[in-house]
Amino acid sequence: MPRKVSYYRNQANKLAQIKFVSENAWYEICHSPTSCGHHFIPKSTATSLRYVFKNWIAVCPGCHLGFHSARGSEYNGIIIEQRGLAWFRDLLKRKEVIT
């Protein structure tokens with residue numbers, strides 16, 4: 001029986017996480033070791049940015065929870081401040097063009 005698309009997507013996600021973490025050892029905000037890549041613009045709103053590493057943020061476990069909590073907008077603000085408005089605008093353009 002053929003495998004479902006979700007199987008291959010999950011495999012691709014795992015490989016992308018391994019590659020991203022190997023290239024981004026330290027989290028940008030607290031400088032702890034990276035545990036995974038977090039999508040700045042969520043996959044649910046821009047699936048086309050799923051594998052665009054420019055949209056990923058290297059995060060530690062504690063801060064990753066913070067992105068998904070009430071403090072998420074605070075974390076997003078810090079990332080935009082560190083990476084710059086040009087980075088943020090470019091992501092938004094990519095989302096509009098591709099989505």
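In this predicted model, cysteine 36 has valine 59 of strand 2 as its bridge partner. That contact belongs to a wider pairing: strand 1 and strand 2, the latter covering residues 56–59, run antiparallel to each other and are joined by 4 bridges. Strand 1 itself takes in residues 36–39, and both of its faces are covered. In a regular strand, side chains alternate between the two faces of the sheet. Here, Cys36 and His38 sit on one side, Gly37 and His39 sit on the other, and all four are buried.

Just ahead of this strand there is a loop worth a look. Histidine 31 is found there, in the stretch between helix 1 (5–23) and strand 1. The backbone of histidine 31 stands out a little, with phi near 60°, a positive value in a residue that is not glycine. As for its surroundings, histidine 31 has a relative accessibility of 57%, above the 50% cut-off, so it counts as exposed.

Next come the aromatic rings, which form 7 pairs in the structure. A pair of this kind is described by how far apart the ring centres are and by the angle between the planes. Take phenylalanine 40 and phenylalanine 88: their centres are 5.9 Å apart and their planes meet at 85°, so this pair is edge-to-face. It ties together distant parts of the chain, as phenylalanine 40 lies in the loop between strand 1 and strand 2 while phenylalanine 88 belongs to helix 4 (residues 85–98), 48 residues away. Phenylalanine 40 has a relative accessible area of 9%, so it is buried. Phenylalanine 88 comes out at 22%, which makes it partly exposed.

A second ring pair has another geometry. Phenylalanine 67 and tyrosine 75 have centres 5.1 Å apart and planes at 45°, so they are tilted. Phenylalanine 67 has a relative accessibility of 9% and therefore counts as buried. Tyrosine 75 is also buried, at 9% relative accessibility.

Ring pairs also build up a cluster, which is made of Phe20, Phe53 and Trp56. Going by the residue ranges, Phe20 falls within helix 1 (5–23), and Trp56 falls within strand 2 (residues 56–59).

One more ring has a charged neighbour. Arginine 3 places its charged end over the ring of tyrosine 7, at 4.1 Å from the ring centre.

Conventions
Residues numbered from 1 in each chain as written. Predicted model: local features only at pLDDT ≥ 70, side-chain atom pairs only at ≥ 80, totals over all residues. Heavy atoms only, no water. Buried < 20%, exposed > 50% of the residue type's maximum accessible area, 1.4 Å probe, protein only. Helix = DSSP H or I, 4+ residues; strand = E, 2+ residues; numbered from the N terminus. Pairing = 2+ DSSP bridges. Phe/Tyr/Trp six-rings, centres within 6.5 Å; stacked < 30°, edge-to-face > 60°. Lys NZ or Arg CZ within 6 Å of the ring centre and 35° of its normal.
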